[in-house]
Structure formats: C-alpha cells, structure tokens
Amino acid sequence: VSERLDKDGKWKVTTFNTSVKMSTYVTAFAICDYGYVNTTYNGIEIRVWADKASISKGEADYALNITGPILAYFEEYYNLSYPLPKLDIMALPDYGSTAMENWGLLMFKQDSLLYHPKMKLIERSSISAIVAHELAHQWFGNLVTMRWWNDLWLNEGFASYFENLNIAVEDTVEKLKLQYPLHLQYNVFHSETNSPSQSLTMKKEDIKTFDKIMGMFSDTTYYKGAAIIHMVSNFMTEELFAKGIRSYLKTFSYSNAVTDDIWDHLQMAIDSQDAIKLPASIKSIMDPWTMQKGVPVIRVNTLRGIITQEPYAKSAENRISTFSWFIPISWIKNGSVQPLFWLERKRKIFSKIKRTTDEEWILLNINISCLCRIIYDDSNWHQLILQLNKDPAVIPVANRVHIINDAFELERDGYIDIKIALSATTYLAEEKHSKVWSTALVHFMKLQSVLKTTYTYGLYKKYIASKIVPFYHYQMKLINEDFNNIQIGTISIISAVLETMCLLDLKDFVDRATSLYSQLMNNPANNTIPNYIRNVIYCEAIKAGTDKEWNFAWTLYLNHTSMEEDDDLLIAMSCSREPWILNRYLYYTLDDSMISPEHSFVVYRSVAQNLIGWPLVWNFIRANLNVIETNSTYYFGLTSLFYILSEGLLTDFEFQEV
Ligand SMILES: [Zn+2]
C-alpha cells in the first residue's frame, strides 16, 4: 500500500495490506523484472506475469482471458466469493512442479501457462485445466486446508475434480461430461494396477517425514480422489453434492478439515430432503473407497443372477482379498434404464439381473457412474455385441467407449479372451462418434505393433480397413473433402484416422496424399497442406513414391523453416520403402552439417519404427557405434539408442540379439 525510504535513506520500506489468515505453504512473494497483462473481473484485479518478450507477443493473453470466467464459475458453484482483491498468475522459466496454488499468487512453469497459436488444441486445453485446478485450490486448500498431509486428497482430489472444465468459447465454462469420467477411470485403473498403490487417506502418525509427505502427492491422491468425488456427486445428485460442498467450505473457511468433515456435510445435504435415499451413511459408503487401496472389478452372472466383486489386479493371487467396496450400480436392461442398486458385500444374489430369454442383455455402470470395471458372462457379452451391431445408439456413447476400452484392458490383464475384445469392434463400421473411435484406434495401434510382421497381418489389415474406411469417408464428407476445412475440435480424431489410413496404405488416402504432395512439388512456395496433417501426407507420399519424392522432402528439410516442419519431414523421410534410401538417410546422420545430432535421434527412432527399417538401424548402429557415441553424447546416451531399438523389437530372436 505504500513505499518510503527509512530514516537514513538506505532502505526502501514497502508496506503491504494485511493478508487473510492462511497456511504457510501457500504464502509466496515474487521479486522479478517481468511484464504483465491485466483485466478486472467482478471487481478482482487479475494480472498474468511473464518475461517481457512473451507478454509483448501476447502469449499470456489466453490465460488472462480464461481466468475471470473460471473464477466466476467457482464463486457461483461454491457460493463463496474469492476473498482477495487481486489474483496474480506468474509464468516461470523453470519450476519444480507444473504449478503451485499460492493464495493470490499462482506460479506456473511457463510451458503450462503461455500459449501461442502454433500450439496444439490439446496443449491449450491442458492450460485451461491447470488454471482451473489452481483456481479451485483457492477454496480447496487455501480457504479450507486439510488438517495434515494424510488427508491431502481433500486438496488435490477436489482440485482435480474441479479442473474438469471446458472453455468452449472464451467466456463459457462448461463441464466435460463425457470425456472426463473416462479419462479418470482410465488413469485410476492404470495407476492402481501398475504402481504399488496406497489407500487414499492414511493414518496421521504414518505420514510424519518429508519423504512420506511427498509420497502423498501420488496418482492415487489426484486421480482416485477425483474419481470417487465424481462417483459421490453422481449417486447423490450434483445438486445435493453442491449443497454439501458449500456448507463444508463455509464452515471450515480460514480453518482446517479432515475427511470425515466432508462426509458429514454431504450427509447433512442428504438428510435435508426425502427424494434421494441412501442404503447407509455417506461415511460408511465412502470409507472403503478412501481407506482400502485398489479398485474393484465386478463379475456379473446374468444366467444365475449373481454379482460378485474383487480387487482389480493383474496377478491372480492379488485378486484374492477380503476387501470389498460399497458400489452404486446403475444399469440398463434391453435398452431401458433400471433403478440404481447397491452391491454392499462381496457376493450378492440379485434376481432382477438374471436374463430370462436368450435375446435379453444387461449393461452395468451407465455413463461410468462408478469407479469399477465389469466382466459379464460370455452369453451376455455376446448379446451386448449383437445389440451394438443391431443399433449402437441404444447404448450410451460413454458406455460404447467403455465397452471397447475395458474389453481390451481386461484381455490384457488376463480376465477375458481376446475374441470378446475383438468382437466388441465388429460394429465399428456403423460408429460415427469420435470419442469411441479415438479409443478404438489406441487399441488397434497396440495390436498393429504386435501383429505387423506376423502371418495374420494381412487379415488384420483387411478387417481394420473394413471398419475405418466408412468412418474416414464420413469425416471427409464433414469437411467437404478438403483438409483445410478441419475444425479445431476434430483435428485430433482426423489426424488419428489418417495415421491409421497411412499405416494400412488404403487406396483413397494414398491417392489423396500423393496428389497433394505433387501439387506441393510443383509449387513449393505455396504449401496448402494444413500443419497438423503434414506428417501423414508427407509420409504416405514418400512411401508410395521414389527417390524423387524423398529428395524433394530433403531439400525442404534443408530450408529449416520451423521446428515442427523439421520434425514432420524427418519422420516422413523414414517412411520410404527403399532400403538404399533409408540407409543413405542413416549415413547422413554421421555428418552433422547434414543432420544435427539432436535430429539424428529422431531419424534412428523413426527408421526403426519402419517395418523394413529396424534391421538397417540395428546394423548401422553396430557398425558406427564409436562415431555415433562421440557425435551425440551431449544429446542422447547409448541407453536411449537401445531404448528405441527395443521399441521396434518384433521377435524373441531380435530381443536376444540386442
Ligand atoms: Zn493441486
């Protein structure tokens, strides 16, 4: 508020406003020579700070524009104003974590905050998610702090749940209703099965040392925390959930809370009405989710009407456990939604779930409302898949994504047969939804890398082509057969489809790519191929072409127009089908005036991904190890070279050789 020189004129004395009562770990000062952009939103001054060059290039503008609307969204949801008169957000060139929610002075690693037009859409939505996460902390964490680090999920789980926002238009904030639960579910199952997991809340006395406290900042805290909040807000309805949240935040403002406090306030919201009845208290429903590690998988026997649960695990011995969860189960029978029921113990006889005719089918977990995976008996899988083939629209989009994703993951973890997972994709020629396709393509890519040199690959290619070509034509029609009409929201799905078309060398795409590429060869000064699909267009044209096409790419590369263009070209040049061209390309890397050591690494990796390229890279590296080692130690070590070779490994024989 004021500045003056002290008596002897040596010291400058700065006086600040008295801050609100806050925890020490969210107190921060910044001393810097930065520029800023600012705005006022509902009386709060918002400033985004960064180095002056970034500010003058407008890179802080995106963060500035989204902050006010997100803040307003939270103020309304929590029914509590942001208590400070100002909000500063600062981009730091280097920072220990992605971002930190210091009260009124958010600090970000600059890549997580600054935006320039060349960035991909996904990078932009990650900026808005991180900004939303840190802003949610102004309430969950700063206004109400967990009493000790053993309850860290009260900060991080809630902030992660509330980062689930989409800034569709610059000033509208809405929830990612479809994508978010899928993303959470995927991440929770991934982290709970791949790393040694711990329960969400721990005993206070077990979290005393610095290492133990840091260990609480785990995927479990963030993802599982957010996922169980999503589950609660689903079974108690979002309206009651918001009511409970508001009274929790109000009661514990400028103070501390423990896990039971949140359950108490959600319980009060439940007790205040009659429409929603729960089979037990919120605390008894939720304790198994916070106090036990792991997540459940549910087995449904629709022939006998029996449901059982067990911990989801890769190895059979970890599936045997006394753990059980209180699970809300939403379900559909033959296309009609049934009343929610609860699985409160390990095994339950539930006759309504019994199928009485062969044609009936049962689907559990509508719109991913519980944190669980479902295994059906074979005959129900079969009926579900028949229904998908008959009329997929009867099954909600989120569940169509879920069926495909879970079937492949359940297969990978040894729960079901690959035949079921593949059968779940038989209807895809009729599927038009991008989200379902982007999930299916992830699993097809994994299959592709396993099958690409086996004798079944021909059949596999034919099968995938029969599914993806209709979707490709559907997308092409949407953009009026012109890649320049791609809308920002569909870039990622179209790129993924084209990548698959390119891998499979499907004729329509080969023709399109070669024609665009030859237009470019005729008029290199005017490149009309949109940035985000150049990699696949170049790759396909070089694959289908001769050394003429390759040499043209090489001259483009030597211009070094931009980093992105260099990367696209380096990868595309590895797509050639001519061993002599690929070998020549590898030898270019030995001369750093042709290909710099950092780019050489891209060359080795992408040639090794090429079906005929792997043995060439393997031989090349062995023959030139000494030169590569001296040229490149600064940029990459030998371990990373062997890593890229291992990525392309196809057979046990090659594995033994490496
Ligand atoms: Zn956080």
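In the sorting of residues used here, Ala, Val, Leu, Ile, Met, Phe, Trp, Tyr, Cys and Pro count as nonpolar, Asp, Glu, Lys and Arg as charged, and the others, Gly among them, as polar. The exercises below concern a predicted model.

**Exercise 1. Describe the largest cavity: its volume, its lining and the elements that supply that lining.**

Step 1. The structure holds five cavities of 30 Å³ or more, and the largest cavity contains about 80 Å³ of space.

Step 2. Its lining is made up of L363, L364, I374, Y376, W381, N399, H402, I403 and D406, and these residues divide into six nonpolar, two polar and one charged.

Step 3. At least two lining residues come from each of β17 (362-364), β18 (373-376) and α13 (397-412), with α13 giving the largest share, four residues.

Step 4. One of the lining residues, H402, is found in helix α13, where H402 counts as buried because its relative accessible area is 6%, below the cut-off of 20%. Leaving aside neighbours within four places in sequence, H402 is in contact with L182, Q185, N365, I368, C372 and A407.

**Exercise 2. Which protein atoms are the donors of the zinc ion, and how are the donor residues spaced in sequence?**

Step 1. The donors are NE2 of H133, NE2 of H137 and OE of E156, and they lie 2.0 to 2.1 Å from the zinc ion.

Step 2. Written along the sequence, the spacing of the donor residues is H-x3-H-x18-E. The pair H133 and E156 links distant parts of the chain, since H133 belongs to helix α3 (residues 121-137) and E156 to helix α4 (residues 153-162), 23 residues apart.

Step 3. To decide whether these two donor residues are buried or exposed, compare their relative accessible areas with the cut-off of 20%: H133 has 7% and is therefore buried, and E156, at 4%, is buried as well.

**Exercise 3. Place E101 in the fold and identify its contacts beyond its neighbours in sequence.**

Step 1. E101 sits in the loop between β6 (99-100) and β7 (105-109), and with a relative accessibility of 5% E101 counts as buried.

Step 2. Leaving aside neighbours within four places in sequence, E101 is in contact with Y25, V26, L106, E134, H137, Q138, N142 and E156. Among these contacts are H137 and E156, which are also donor residues of the zinc ion.

Step 3. For the contact partner V26, the C-alpha atom is 6.7 Å from that of E101, although the two residues are 75 residues apart along the chain.

**Exercise 4. For helices α5 and α12, check the span against the expected value and state what the buried residues pack against.**

Step 1. Helix α5 (residues 179-194) has 16 residues, and the 22 Å from its first C-alpha to its last is close to the 22 Å expected at 1.5 Å a residue.

Step 2. The buried residues of α5 are Y180, P181, L182, L184, Q185, N187, V188, F189, S191, E192 and T193, and what covers them includes α4, α7 (219-235), β12 (296-301), β18, α13 and α15 (434-451). Among the buried residues of α5, L182 and Q185 are also contacts of H402.

Step 3. Helix α12 (residues 378-390) has 13 residues that should span 18 Å at 1.5 Å a residue, and its end C-alpha atoms are 18 Å apart, so the two values agree.

Step 4. In α12, N380, W381, Q383, L384, I385, Q387 and L388 are buried, and they pack against β17, β18, α13 and α14 (418-423). W381, one of these buried residues, also lines the largest cavity.

**Exercise 5. What is the sign of phi in T237 and in N367, and where are these residues found?**

Step 1. Most residues other than glycine have a negative phi.

Step 2. T237, in the loop between α7 and α8 (238-251), has a positive phi near 75°, and at 29% relative accessibility T237 counts as partly exposed.

Step 3. N367, in the loop between β17 and β18, likewise has a positive phi, near 50°, and with a relative accessible area of 42% N367 is partly exposed.

**Exercise 6. Characterise the second largest pocket by volume and lining.**

Step 1. The volume of the second largest pocket is about 940 Å³, and of the 25 residues that line it, the closest to its centre are F16, A28, F29, K86 and D88.

Step 2. The lining divides into 16 nonpolar, six polar and three charged residues. Both β4 (44-50) and β5 (86-92) supply at least two of the lining residues, and the largest share, three residues, comes from β5.

Methods
Residues are numbered from 1 along each chain as its sequence is written. This is a predicted model: local features need pLDDT of at least 70, side-chain atom pairs count only at pLDDT 80 or more; totals for chains, interfaces and linings use all residues. Side-chain values use heavy atoms; hydrogens and water are left out. On a 1 Å grid over the protein atoms alone, a cavity is a set of points where a 1.4 Å probe fits but cannot get out, and a pocket is an open set with protein on both sides within 12 Å along at least five of seven lines; lining residues have an atom within 4 Å of a point. Grid points are joined across faces, edges and corners, and a volume is the space filled by probe spheres set on the points. Donors are N, O and S atoms within 2.8 Å of the metal (3.2 Å for Na, K and Ca); water is not among the atoms, so sites may look incomplete. Buried means under 20% relative accessible area, exposed over 50%, partly exposed in between (1.4 Å probe, protein chains only). The expected span of a helix is 1.5 Å times one less than its number of residues. Contact means heavy atoms within 4.5 Å.
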